[in-house]
Each structure stands twice: as structure tokens, then as C-alpha cells.
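Q: I would like a careful look at one part of the structure shown below, set against the chain as a whole. Please keep the reasoning explicit.

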Amino acid sequence: MLTPLVKNSKNPNQNVCTSKFLFLILILSLLISSSSSSSSSSSQSEAVEALLRRLDAKRPPASVQESAAKAVLNRLLPAHVSSFVFKIVTKDICGGPSCFQITNYKNSSGNVPEIMIEGVAAVEIASGLHWYLKYWCGAHVSWDKTGGIQIASVPRPGSLPLVSDGGVRIQRPVPWNYYQNVVTSSYSYVWWDWERWEKEIDWMALQGINLPLAFTGQEAIWQKVFSGFNISMRDLNNFFGGPAFLAWARMGNLHGWGGPLSQNWLDQQLGLQKQILSRMIVLGMTPVLPSFSGNVPGALKEIFPSAKITRLGDWNTVDGDTRWCCTFLLDPSDPLFIKIGEAFIKQQIKEYGDVTDIYNCDTFNENPPPTSNTSYISSLGAAVYKAMSKGDKDAVWLMQGWLFYSDSSFWKPPQMKALLHSVPFGKMIVLDLFADAKPIWRTSFQFYGTPYIWCMLHNFGGNIEMYGILDAIASGPIDARVSKNSTMVGVGMCMEGIEQNPVVYELMSEMAFRSDKVHVKEWLKSYSQRRYSKAIYQVEAAWEILHATIYNCTDGIADHNTDFIVELPDWDPSAPTSSNISREHLKQNLIPLHRNGRFLFSERSSSLPQAHLWYSTQDVINALRLFLEAGTSLTGSLTYRYDLVDLTRQVLSKLANQVYLEAVTAFRDKDTKTFSSLIQKFEGLIKDIDKLLAADDNFLLGTWLESARKLALNHEERKQYEWNARTQVTMWFDNSKSVQSKLHDYANKFWSGLLEGYYLPRASTYFSHLLKSLEENKSFKLEDWRREWIAFSNKWQEGNELYPVKAKGDALAISKALYDKYFGQ
């Protein structure tokens, strides 16, 4: 900023000279600043390019990658294997980081092959295949649990549509497309076998994901590493979490909960990891492996008494039970930290080969350093990186940027800069984890020159709720990439759980190949046609509504499903204040109710809990009506069935929220008759939604439990795995007889079987206690209800009753009947 000149009445010429002098200084400073910025940008580009060259050199030969891409095609469209020719090409052809090209295959012999797809790696070829199938054949690829693939629109071999004479080239505007969150491994992947992983890696390749997290099986590596430091398997039994809680044991949030891990599990998962890595590598992907964050078994403190090992504070336990909480952290400044970190990296290389240079470490994730002193933070960061680089001299530290959002009161600009600049330039990449809603790049001077990846977090706890911010996804990565002094090097998807909201992941995946913003309204029209294999105006109109409502969450609240069916408030509604309401229910003072298409606000609701609602429910009811009208035209479509069930579930769950609030109001008014009627309606909605969900294979509790049991090799493992599976989606963590886990319902699910078997008994127990207090004109005994419910929950978690694994009923007929029942008038 140029300081205003002060007039000198004695010598007016002096002002002119001063002005010229200051102007020259300003120009010089701008030139220096520009030169410095240009130099920084240039060095950043050189560092990234050097890393890309090293990673490219690790890829298998072209013939191996071409065969891997062909195998993806064979699993997707076996009848069309001879219709395509795949070829690996150099980056010179792309004129950018990487690309794929689609051309008509010049063949005078006749029908096959028809289309050639070229790319710099197998993953680029697979991306090109998917692009062609989408935009020339009208096909659609989704997770099996969100409807699966729709290939009915793909013409038979010999009749594939041609592209323009010059062909089509699609470049990546940024090098990387990252995938996974460190907790996805527990919320979604925990019970997967190789058959399911193979499908996922195919899906990843088709979406163009070239930088996936690969965390499976690391406990077996740790077993081998820690044995070298005299840590026994008995010591590790109190260290490793159970299968469904491994992610948080890895991060040092808890230890031992749900464990111990059997040797069967350790060996099985290590073998699975080798299959996963092998497939990722032949497809030209760069896996991101774990590294040492300082989380250690308690026994290490006894073996190395002089080591700087501290015990962390309580993380979401009920009463600080040290069997599960307060993990041990080895200070990165201790020489032992370097030794363990180096040993872990080298053990991975020994097991898997030299497959990557990128390693994830989140040592400060929800565990801030003991002091905000910048010199100390810088020394910690340098030590973390040194442990990696001692094991792999070319190591690059990939770090989640979640801490800069979740612990923003600690990570001020000086602390952020100290951590980010604690490693050599180009040796760290930050994931701007929540950029779809809370971008850090805008307020951190592009992470102070550190390369970063623009990420969509989107889902918390693996919840099932229709939610998204499509406009932010369609424009956010572009805004970040073209911004001044941008350090963005990729896009990514960092959801906590997958297999939900397929439209969000379809669009986000495309942003890895988009140089310009997407016009969402037009894109959704094309998406609808592909997803259901035909254009139907009612469905297209419904998607316009969904775009403006459910998929337009701009209220700034991070979505985590708090619908009352799946997270019944643990509170006393007769209390004069909201002080005893658990979790974060009081986000606003007034509760919006929707009647006859209008928003109504009840001032009486100022102390009531509130589920997250960001749109007009009446508009979404209209979208459901349009979906139902299109039903006869889409009979047999699995993608339509999934979306119809999900949309009907969404509408009814929001209606249940309204019914609950009205019931609480009746309770406060001591209107027993109305309260009883509303209880019946709320419980009836739970039963109706359960029946609806039972009509689609993708909304069943039984499949989750069965997948856990199938991995077990003996009775004890089967019992343990099922307990893990049941506990994660309900209480989640430890509780006492009268106090629920602080994380209860964090991973709630709208699954048939879970609604009738767990949520309905909870609602019935809660309401029966409320009704008894009304009828007897006595105060509500909150602790009595808690004791009864927790006892039931513990018994359910220990149970082994079977739930259906196959759908039952006609989803369209059920949805129509429920629409008529609740909205027909």
C-alpha cells in the first residue's frame, strides 16, 4: 500500500522528487515480489515434476498396463473386448500432466476393433473407456450398492458410435485424483474380501483415480516392526483395535477397543493388501502407504523408560477408562521415533517392493502438539519427515488438512506455516479435506506455498442421507486451480463412508478431467438419461428439484445425519432448559416446520432439539411424486429402484422429524391423547421405512453382518467380528450402565433390520417412559430410561440373530402406497 505524501509548503519540488523516489521503490518492490512469486512457483513446479518422473518410473511396462486395462474392460463389458484397442503413450502427446485420447480405429477388415483409447497409464485408458461409454453410449457405472452398472444402452459389438474424425483428447488439468479417508477403511471396507476389492479398484480406475490410500493390512507390518523392539503379541493385544475400529486405533484415538486381533486376521489382511497393491500398480496408480505417527503400545514405555512417551487425553470415552482411552505417543524429537519410523517404511518396502514415494501421516490429527511454540512445531514436523526419508530417501509426506479446520483455534497462521515449512520444499502435499464446504486454501495463502489437493469430504460416519453441494463441486476445483499463485496439484474424494449419493461422486470424479466449470443443470439432465438408460421428463424435472434442494446445502453446517429415528435425543423434554440435551442438537433457536408448502416457525421450539434441514420438504415431496409417475417406464431398473427407495426414505425421515417435534410439544402441554397418537405415528413411520428398505438389497443390515461373519475362520472370530459390526453402527464406543457413549449413533444407518430391530425398540422404550410420567403425573426419569435402553443395546450388540440378506417386496408398489398414506391428501 502506497503511503499518502505529506505536502511541504517550503519546498514544493521536494514533494515531486519524493513522489518519484517512492514510485521507483514501489515498482522495484513489485518486481522483486513478482520475481520471488515466479521463482517460488517455478521451484514448486519443478519439485512436483521431479516427483511425477520418479513415480512414472515405478510403473510397470506398457504391455502389462495395457493388459490390466483390457482386464477391466473384460469384467465390465466382456462381449466388447474385441471392440477396443488400448495403447500406452508418452506424456509428450498430452501436452500436459497426462491425458487420454479416443479415436476411431482404422481397420479395413470390418467390424472389430472399432475404437482406440490411448493414455499415459492404464488408469488413463480406463478413464477414457468410461468417458466414451458415458458420453457416446449413454452407459452408467455406479457402486453395486447404489444401483450398479447400466449398460443396456451400449450398442452391440460392430455398432459402437464413432467419435469425430480428429478424435477426442481429454487432459488432466492437475496431476492427481486422490481417493479415500483414513476412516473409510473402517466404515466401509472393513469386511471386504478380494472379490469386493477387485470391483472397487475397477471403479477407481474408471473414475480416473490415480492416488488411492492403501491402508489395509498395516497391523501385520507393525507386528513385525515392533517385534524388533521387543514388543510381544500380548502387548499388541492391548494396542490394536478391533476390525471395525482399526482406523481410530491407527490414529491414536483409542486402543484395544473391539480387539484383540487374531493371527488369522493379521495374515489374511496382509495377503489382501498385497493383492490390492498389485492391482493398483499394474493399473498405473500410485498407492499412498501409511507411515509412523508416534502412536505406540504402552509396553514400549517399560522397555525404553527414558524415551519421551506421553499419555494423551481422553477421546470420547464415557469415564476415561484407560483400557480403551488415553493412548501413548512417542515424541517425534526422541531418537527412537526416527528408528521406529524408518523400520516401518523399510518393512513395507520389503513386503510390497518399491511401489511408491508418497506416505500418509497425521500425527497431529485431533491430537494437537503440547505447545503452540512455532520452533517446537517445526522440529516435530522435521522429525516426522526424517523418519520417512530415512526409510525412503525420496519420501513425500501426504497430510490431511483436517486439523487446520477441526482445531483452528490452535492452528493459527504461524503454527500452520511452521508445520508446513518444516520439511524440504516439494516433500509435503496437503489434503484440503473439506474444501467442498470449508476450503482452507482461500485463507492460508494456498497453504503457504505447499502443494495441496482440493478434496470433497461430503460424508461423515458412513451415514445414509441424501446430501450434497453440487454447485460447489462443479466450480470449486476450478476456482482453486486458476486462482492467483495457486499451489493446487489435484482433486480428491475424502468421504468417511462410500456407497451413497452416487450423483455426488459421479460429478466429483469428473472434475479430475474438467478444465472449466460444469453447468450442473445440463449435466444432471445427461446424468439422469445415463443412469436410467432413457430420457423421462418427470425424472429430469425431479432432478431439477433435487439440485435446488437436497443437493444445494449452503448453510455451512457439516452434514451428519441427526434424524430422530436414527439418533433419538437422549434428553428430558419436560426440562425448562436444553442443558441436558446430548450431542449438538441445538443449532438454531427456531424450528422450521413445513405444512401446506409453507415454512412455519414455532417459538415454543426454542429449547427443542433439531435435525439438520436445509431445504423445503414440500419441494422434495413433489420430486418424489414425479419419480413415482415415471415408475412404470423404469420397471426393472436397479438404479431407479435404488434412487426411489432412497428418496422415499429421505422424505419419510424428515416427516418423522416433524412428528417427533409435535409429540414433544404435546408432552409439554400434558396432552396425553395427542401424545399417544403421535407416538403411534412415529413408530409407524419406522416400521413403514423398514418395510420400504427391505425391498432393496442395498439397504439391508443383514448384508453388513453376513460380510463380517464370512471373514471369520472360527467361532470366536465370528462372535467378535459380529460384535464389532453391530457396535460400530450403534453405540460405537464404550458406555456405562446409565450414560451412553459420546459417539452413539455417529455411524447410524437407515438399514432394514436395524430400524425394526434396534431403533424401534429404542423409540418405544423412550416414549413409554414419557407416557408413564404423563399418566402418573410424575417427572420423567431420564436415568431409568437410559439404564433400560443401554441394557437392551448391550444385549443387541452381543446378539447373533440373523437378518435377511435378500430383498423382499416390490419397492415401487411400497413407495406408492406410502406416498398415498402420508401425502395423498
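What percentage of the contacts in the protein chain with a separation of 6 or more comes from residues 24 or more positions apart? With that as background, please take a close look at glutamine 269 in helix 9, and then at the other local features of the chain.

A: The structure is a predicted model, and everything below should be read with that in mind. In the protein chain, 77% of the contacts with a separation of 6 or more come from residues that are 24 or more positions apart. The secondary structure of the chain comes to 27 helices and 17 strands, and 61% of its 825 residues count as buried. A compact globule with 825 residues would have a radius of gyration near 28 Å, and the chain has 28 Å, so the two values agree. Along its principal axes the C-alpha trace spans about 85 × 80 × 75 Å, while the accessible surface comes to about 32,200 Å², with 52% of it belonging to carbon and sulfur atoms.

Within this chain, glutamine 269 lies in helix 9. Its relative accessibility is 9%, and because buried means under 20%, glutamine 269 counts as buried. Leaving aside the neighbours within four places in sequence, glutamine 269 is in contact with Thr216 and Gly217. By way of a longer distance, the C-alpha atoms of glutamine 269 and glutamine 740 are separated by 32 Å, the two residues being 471 residues apart along the chain.

Helix 9 itself has 20 residues, which at 1.5 Å a residue should span 28 Å; the C-alpha atoms at its ends are 29 Å apart, so the expected and the computed spans agree. Glutamine 269 shares its buried state with other residues of helix 9, among them Trp265, Leu266, Leu270, Leu272 and Gln273, and further along Ile276, Leu277, Arg279, Met280 and Ile281. Something can also be said about what flanks the helix. Proline 260 lies in the loop between helix 8 (246–250) and helix 9 (263–282), and the peptide bond that leads from glycine 259 to proline 260 is cis, with omega near 0 degrees. Just after helix 9, glycine 284 takes a positive phi of about 80 degrees.

Helix 17 offers another view of burial. In helix 17 (residues 502–510), 9 of the 9 residues are buried, so the helix is largely enclosed by the rest of the structure. The buried residues of helix 17 include Tyr505 and Met508, as well as Glu506, Ser509 and Glu510.

Positive phi values also appear in residues other than glycine. Serine 533 has a phi near 70 degrees and lies in the loop between helix 18 (520–532) and helix 19 (537–548). At 32% relative accessibility, serine 533 counts as partly exposed, because that class lies between the buried limit of 20% and the exposed limit of 50%. Aspartate 745 likewise has a phi near 70 degrees, in the loop between helix 24 (715–728) and helix 25 (754–775), but aspartate 745 is buried, with a relative accessible area of 0%.

The aromatic rings bring the account back to residues that meet across the sequence. A search of the whole structure finds 71 aromatic pairs. In one of them, phenylalanine 404 and phenylalanine 447 have ring centres 6.4 Å apart and planes at 45 degrees, so the pair is tilted. This pair links distant parts of the chain, with phenylalanine 404 in helix 13 (residues 402–406) and phenylalanine 447 in helix 15 (residues 445–448), 43 residues apart. Phenylalanine 404 and phenylalanine 447 are both buried. In another pair, the ring centres of tyrosine 660 and phenylalanine 682 are 6.2 Å apart and the planes stand at 55 degrees, so this pair is tilted as well. Tyrosine 660 belongs to helix 21 (residues 638–668) and phenylalanine 682 to helix 22 (residues 672–693), so the pair ties together parts that are 22 residues apart in sequence. Tyrosine 660 and phenylalanine 682 are both buried.

Finally, there are lysines placed over aromatic faces. Lysine 134 lies over the face of tryptophan 131, at 5.9 Å from the ring centre, and lysine 749 lies over the face of tryptophan 751, at 5.6 Å from the ring centre.

Key. Residues are numbered from 1 along each chain as its sequence is written. This is a predicted model: local features need pLDDT of at least 70, side-chain atom pairs count only at pLDDT 80 or more; totals for chains, interfaces and linings use all residues. Side-chain values use heavy atoms; hydrogens and water are left out. Rings of Phe, Tyr and Trp (its six-membered ring) pair if their centres lie within 6.5 Å; planes under 30 degrees apart count as stacked, over 60 as edge-to-face and the rest as tilted. Helices (H or I, at least four residues) and strands (E, at least two) are DSSP runs, numbered from the N terminus. Buried means under 20% relative accessible area, exposed over 50%, partly exposed in between (1.4 Å probe, protein chains only). A charge sits over a ring if NZ of Lys or CZ of Arg is within 6 Å of the ring centre and within 35 degrees of the ring normal. The radius of gyration is taken over C-alpha atoms; the globule rule is 2.2 Å times the number of residues to the power 0.38. Contact means heavy atoms within 4.5 Å. Accessible areas come from the Shrake-Rupley method with a 1.4 Å probe; for residues, only the protein chains shown count as cover. The expected span of a helix is 1.5 Å times one less than its number of residues.
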